[in-house]
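Visitor: I would like to learn how to read an interface and a pocket in a model of a protein complex. Could you take me through the features in turn?

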Amino acid sequence: MPDLIDILIIIAKLGTILVVILSLAANLVLAERRMLAWIQDRQGPNRVGPQGLLQPLADLIKLVTKEDLRPAGADKWLFLLAPAMAAIPAMLTFAVVPFGSPVHLLGRVITLQVVDLNVGVLFFMALSSIAVYGITLGGWASNSKYALLGGIRGLAQLISYELVMGLSLVPVVMLTHSFSLNEIVAAQATVPFLLYQPLAFLLFFISLLAECKRTPFDIPEAESELVAGFHTEYSGLRFGLFFVGEYLNIIVLGGVAATFFLGGWHGPFLPPLVWFCAKVLAFCFVFIWTRGTLPRLRSDQLMHLCWKVLTPVALGNILCTGWWLTIKP
Amino acid sequence: MSVVKDIAAVSQGMWATWKHLFRKPLTIPYPEQKRTPPPRYRARIVLTRDPQGGERCVACYLCSAACPVDCISMQAGERENGRRYAEWFRINFSRCIFCGLCAEACPTMAIQMTPDYELCSRDIMSLLYEKEDLLIDGCGKEPEYNFYRHAGIGVVNPRGGNPDEQPPVDVRGLVP
């Protein structure tokens, strides 16, 4: 039976995570714009505040004060609900990610993880499946051909890459013998799984890019083809929710990837929390870097890559891992 | 192996963008830093004067005719000595595309382009430049040139006595 203080601690953890990852997502937008600018030998937004650091605030004010349009013929409730369905699963995923070693405070042990589910991996997979609905329903409810095409592409892409993502996590679970993210981190105390499973990491990273709808897999929003894809008809704060949801997804999936393959908060010399943040930010950087480099795949190339390349490789990787685990003394 | 080739291609691209990440931006923050445009840059149009201080413009309408967006208008007048001048001369800079055809068309080097490119305003009527806004005191790019030293009504010297001019040919003479 949890007492009042336990509940307060959980609420405090939730509040902290919400504030930290939301502000991080807002600043990631700025970081992305500046880094893309540097890659393209430009300056990037540097007007609002020192080095443009207040740009997220200006963007927020702009989004809040814009009119909240709803196209004629749109499915009202689904249209209003879809942005939330895109952003909330991303935030919920963070509930199972351990972001630091347990802290001893006033005679209590506070785990730096909202909840240690024993099926954490499945929880993560389930939530990333729910995120598909935000895109698909948003695209469908808009009553616009561009949005609908974007929604359909998103649906196809996310469902396909879900499979690769799941298959690339199987070797991790096989090595850990557990679905709990805490145990997975504990199993990497000495050697991160990246060194055992480089192939699984690569597959996982590619499917992460696809799950975040990032270049080279930004087919659902493909500006040059579909205006803005599934969020073409959205404006104001609802567009902002889709937008921030995308960056929340990057941060959270970066955290998940760090947990599964880079040893979570484990690391020498520095405090665990710092290590975790550094790994997440490194992932964010690689995401931005990839966006600055690679062109968009065509829809059929995407499906080809997923079903004819990544899935067989992932299955082969699972077989090899199983074989290695059975012959291991 | 195509996979190896593909991976090599992707890494090559990643390496290229990585290098550019640390390169100094090619762009400059504009209002704080300004580039000096080259002297022949085509921007704000001026009407110049000859070295003696007289107006060069003879209101021939060639600039107005050459202008592809019809942003130049004027009214010709005539002085007592028979020389033409522009009674009023107007350039609408909100229409001007700075193509330089007017300056090319001008037979007296009166209309010239300057490198002053900062022409913008919230009030569109303030971009309507009248003759007194356009006329400058200098000679612009042709400091020596005075049209009336070469040709025109009331040309300074009689025929053949002007610079770069040869005496008129005696068409009735027999010497080739």
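Guide: We will take the contact between the chains, and then the pockets, bearing in mind that this is a predicted model.

Visitor: How much area do chain A and chain B bury between them, and how many residues does each give to the contact?

Guide: The size of an interface is often given as the accessible area lost when the parts come together. Here chain A and chain B bury about 1,300 Å² between them, with 65% of it on carbon and sulfur atoms, and the contact draws on 13 residues from chain A and 16 residues from chain B. On the side of chain A, the residues that lose the most area to chain B are A:Asp41, A:Gln43 and A:Trp289, which together make up 42% of what that side buries.

Visitor: Which side chains meet in a salt bridge, and how many residue pairs are in polar contact across the interface?

Guide: The count between the two chains is 1 salt bridge, and the side chains that meet in it are those of A:Arg47 and B:Glu32, at 3.1 Å from N to O. Across the interface of chain A and chain B there are 7 residue pairs in polar contact, counting pairs with both residues at pLDDT 80 or more. On the side of chain A that touches chain B, the elements giving two or more residues are helix 1 (4-39) and helix 11 (272-293) of chain A, and helix 11 provides the largest share, 5 residues. By class, that side divides into 6 nonpolar, 4 polar and 3 charged residues.

Visitor: What lines the largest pocket?

Guide: A pocket can be read by its volume and then by its lining. The largest pocket holds about 1,200 Å³ of space and is lined by 32 residues, with A:Ile206, A:Leu305, B:Asp6, B:Ile7 and B:Val10 nearest its centre. At least two lining residues come from each of helix 8 (198-211), helix 11 and helix 12 (299-327) of chain A, and likewise from helix 1 (2-21) of chain B. The lining divides into 25 nonpolar, 5 polar and 2 charged residues.

Visitor: Which residues lie nearest the centre of the second largest pocket, and what classes make up its lining?

Guide: The second largest pocket has a volume of about 800 Å³, and of its 32 lining residues, A:Val29, A:Leu63, A:Phe239, A:Phe243 and A:Tyr247 lie nearest the centre. Two or more residues of this lining come from each of helix 1, helix 2 (55-65) and helix 10 (236-261) of chain A, with the largest share, 9 residues, supplied by helix 10. By class, the lining of the second largest pocket has 15 nonpolar, 5 polar and 12 charged residues.

Terms used. Residues are numbered from 1 along each chain as its sequence is written. Chains are lettered from A and ligands numbered from 1 in the order in which they are written. This is a predicted model: local features need pLDDT of at least 70, side-chain atom pairs count only at pLDDT 80 or more; totals for chains, interfaces and linings use all residues. Side-chain values use heavy atoms; hydrogens and water are left out. Contact means heavy atoms within 4.5 Å. Buried area is the accessible area (1.4 Å probe) that two parts lose on being put together, summed over both. A salt bridge is a side-chain nitrogen of Lys or Arg within 4 Å of a carboxyl oxygen of Asp or Glu. A polar contact is a pair of N or O atoms within 3.5 Å; within protein, one must be able to donate a hydrogen and the other to accept it, and residues adjacent in sequence count only if both atoms are side-chain atoms. Helices (H or I, at least four residues) and strands (E, at least two) are DSSP runs, numbered from the N terminus. Ala, Val, Leu, Ile, Met, Phe, Trp, Tyr, Cys and Pro count as nonpolar, Asp, Glu, Lys and Arg as charged, and the others, Gly among them, as polar. On a 1 Å grid over the protein atoms alone, a cavity is a set of points where a 1.4 Å probe fits but cannot get out, and a pocket is an open set with protein on both sides within 12 Å along at least five of seven lines; lining residues have an atom within 4 Å of a point. Grid points are joined across faces, edges and corners, and a volume is the space filled by probe spheres set on the points.
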